[in-house]
Every structure is written in structure tokens, then in C-alpha cells.
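Biologist: I'd like to get to know this protein piece by piece. Could you walk me through it?

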Amino acid sequence: MTDLATVALDPRVSEFLRQPRRMLIGGEWVHAASGQTFATLNPSTGETLVQVARGDRADTDRAVKAARAAFEDGAWHRKLSPADRGRMLWKLADLIEERRDVLAQLESLDNGKPYRHARSGDVQWSADHFRYYAGWPDKIEGKTIPVSSMNNALVYTRREPLGVCGLITPWNFPLEIAAWKLAPALAAGNCVILKPAEQTPLSALYLGELFLEAGFPPGVVNIPDRVRRGSGRGARRSPRCR
């Protein structure tokens, strides 16, 4: 049972829920290719919070193409220095803390967890996680190895980003688990596709707005909210989601 009833709803939350939420693909907020939406529900009341773009395979393909184009362009892992990547992740952490009330209220409304727990726990831990990984980009390095059998030649290894990473998160800690997956992938220079659980997409979609505000290049972070065929809203408390 959420304790949000004892807290005044932040006007920014009301504004966020006023219009149907779209998907973040290639740095832009877009409708599903099919034009379809689905309702995300308040588990405390069963009422619809807002309609969300209902993604499918076509939208996933769009997100993959956008992420691949961003990776091949190198705007994130080559044109920006590792120190710049770190500063951008740090900026994102700052924005999460600045919007702590908004994110906590969205998490409480969409997930059902107590607002005070979301505010002091999930949201703050997510900011801390991004801030921790902000220190990584300029410290990822390979090794130089002397090889005596080759006339004392030196060989070296170099760590490079994998490319496009698909990140899938469950309903139980929507924002925090998204941070666990996003932060290290981005610190290493990858471009990502985040697929939040269809039961709890709102904090991830709001996080997408913060990525844009922090200045992340288009296509580096994509959030297509694809709904699994045959999935039901009753799956919110399924043990399979844990």
C-alpha cells in the first residue's frame, strides 16, 4: 500500500501524466509504429495513470538502428573523451537528485511501493549508482605485457565497448535496476536500448527526459516500451518477475 496519499502530488508529476507517454528513440519522443497504446495502472486503486505507447517488433528495430547509428558515429565513445562521458553521467546523477520528488512519486504511483521508501531508497540509490560509474570511463584500460620469447617485445590489450546493449528490467525496482544496468554500460562507451517492464514504465520514461536534459547524444539511450504478446496486467505480482 502506497503512502503517497499523505503527500501533495508534485505539479510536474501531474503534467507528466496529462498526455500519453511516447517512446524515446534516436533522441526523439515518438509514437509506436502501430499507433497503439496501453494503460499503466495504479496498483493501489486499479485506476489508469496514463496511456503509454505500445511498442512491438518494429519499434524495437527502430531503436536498434538508432543505437547502432549512434555507436558507429562514435559520438559517445570516440568523439567525447572518457572524462566527458564521466561528467555527463555525473550530471545525470545531479538531475535525478534534483527531481527526487517527481521520480519517487511516479515510482510509488506506478509500482505501489511506499513513497518514503522510493524517495530515500530507490531514487537516491539510483543517483548514487550513476555517480559511482561516472568515475569509471577514464579508468578503463588494458595491459602491456612483455614477451621474452619475442626478443622482449611488448604486446598490449585494449578494452573497447561492445556496441549496442539491450537492457531488460523487471517491475519490482524499476528505476534502481535500470540504473544498475544503464550506468556501467554507458560508462564503458556502449549505446543502449532499455526495455522497462510494461507494468511499471513511468520512471524509466521520465529518466529518458533527464538523459536528454543531461546532453546525451541522440541514439545513445533508447527506451521503446515493448509489450510482450499475451502479457497481462495481472502479471505484476508474478514470482517470475522477481
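Modeller: Here come some short questions and answers about the model, which is a predicted one.

Biologist: Let's start with the sheet. In what order do the three strands of the open sheet lie?

Modeller: The pairing in this open sheet is parallel. β7 and β9 stand at the edges with a single partner strand each, so one side of each has no neighbour in the sheet. That gives the order β7-β8-β9.

Biologist: Is β8 largely enclosed by the rest of the structure, or is it open?

Modeller: Look at residues 191-195, which make up strand β8. Cys191, Ile193 and Lys195 point one way, Val192 and Leu194 point the other way, and all are buried. Buried here means under 20% relative accessible area. Since five of the five residues are buried, β8 is largely enclosed.

Biologist: Which residue stands opposite Leu194 of β8?

Modeller: Check strand β7, residues 164-168, which pairs with β8 in the parallel sense over five bridges. Across from Leu194 you'll find Leu167.

Biologist: And how does the chain get from β7 to β8: is the crossover right-handed or left-handed?

Modeller: Strands β7 and β8 pair in the parallel sense. Between them the chain runs through helix α6, residues 174-187, in a β-α-β crossover. Its hand is right-handed.

Biologist: On the other side, which residue of β9 stands opposite Ile193?

Modeller: β9 covers residues 221-222 and pairs with β8 in the parallel sense over two bridges. The two strands also belong to a right-handed β-α-β unit, together with helix α7 at residues 202-214. Opposite Ile193 sits Asn222.

Biologist: Now for a hairpin. Which residue in the hairpin of β5 and β6 takes a positive phi?

Modeller: Strand β5 (residues 144-147) and strand β6 (residues 153-156) pair in the antiparallel sense over four bridges. Val147 has Ala153 as its bridge partner in β6. Five residues lie between the strands, and the one with a positive phi, near 55°, is Asn151.

Biologist: On to charges. How many salt bridges does a search of the whole structure find?

Modeller: Side chains of opposite charge can pair when their charged atoms come close. Some join up into a network, as Asp94, Glu97 and Arg131 do. For the whole structure, the search gives 14.

Biologist: Arg12 and Asp10 meet in a salt bridge, so which of the two is buried?

Modeller: Their side chains meet at 2.9 Å, N to O. Arg12 has a relative accessible area of 39%, so that one is partly exposed. The other partner, at 11%, is under the 20% cut-off for buried. The buried one is Asp10.

Biologist: What is the N to O distance in the salt bridge of Arg18 and Glu15?

Modeller: Arg18 is exposed, with a relative accessible area of 53%. Glu15 is partly exposed at 44%. Their side chains meet at an N to O distance of 2.2 Å.

Biologist: Is Lys79, which meets Asp73 in a salt bridge, buried or exposed?

Modeller: The N to O distance of this pair is 3.1 Å. Asp73 counts as partly exposed, at 39% relative accessibility. Exposed means over 50%. At 58%, Lys79 counts as exposed.

Biologist: Let's turn to empty spaces. What is the volume of the largest cavity?

Modeller: The search of the whole structure finds one cavity of 30 Å³ or more. Among the residues that line the largest cavity are Leu24, Phe211, Phe216 and Val221. The lining divides into seven nonpolar, two polar and no charged residues. The volume is about 40 Å³.

Biologist: How many charged residues are in the lining of the largest pocket?

Modeller: That pocket has a volume of about 320 Å³. Its lining has 16 residues, and Arg85, Ile140, Arg159, Pro161 and Ala188 lie nearest its centre. Six of the lining residues are nonpolar and three are polar. The charged ones number seven.

Technical notes
Residues numbered from 1 in each chain as written. Predicted model: local features only at pLDDT ≥ 70, side-chain atom pairs only at ≥ 80, totals over all residues. Heavy atoms only, no water. Buried < 20%, exposed > 50% of the residue type's maximum accessible area, 1.4 Å probe, protein only. Pairing = 2+ DSSP bridges. Right-handed = clockwise from strand over helix to strand, strands pointing away. Salt bridge = Lys/Arg side-chain N within 4 Å of Asp/Glu carboxyl O. 1 Å grid on protein atoms, 1.4 Å probe; cavity = no way out; pocket = protein on both sides within 12 Å on 5 of 7 lines; lining within 4 Å. Points joined across faces, edges and corners; volume = space filled by probe spheres on them. Nonpolar A, V, L, I, M, F, W, Y, C, P; charged D, E, K, R; others polar.
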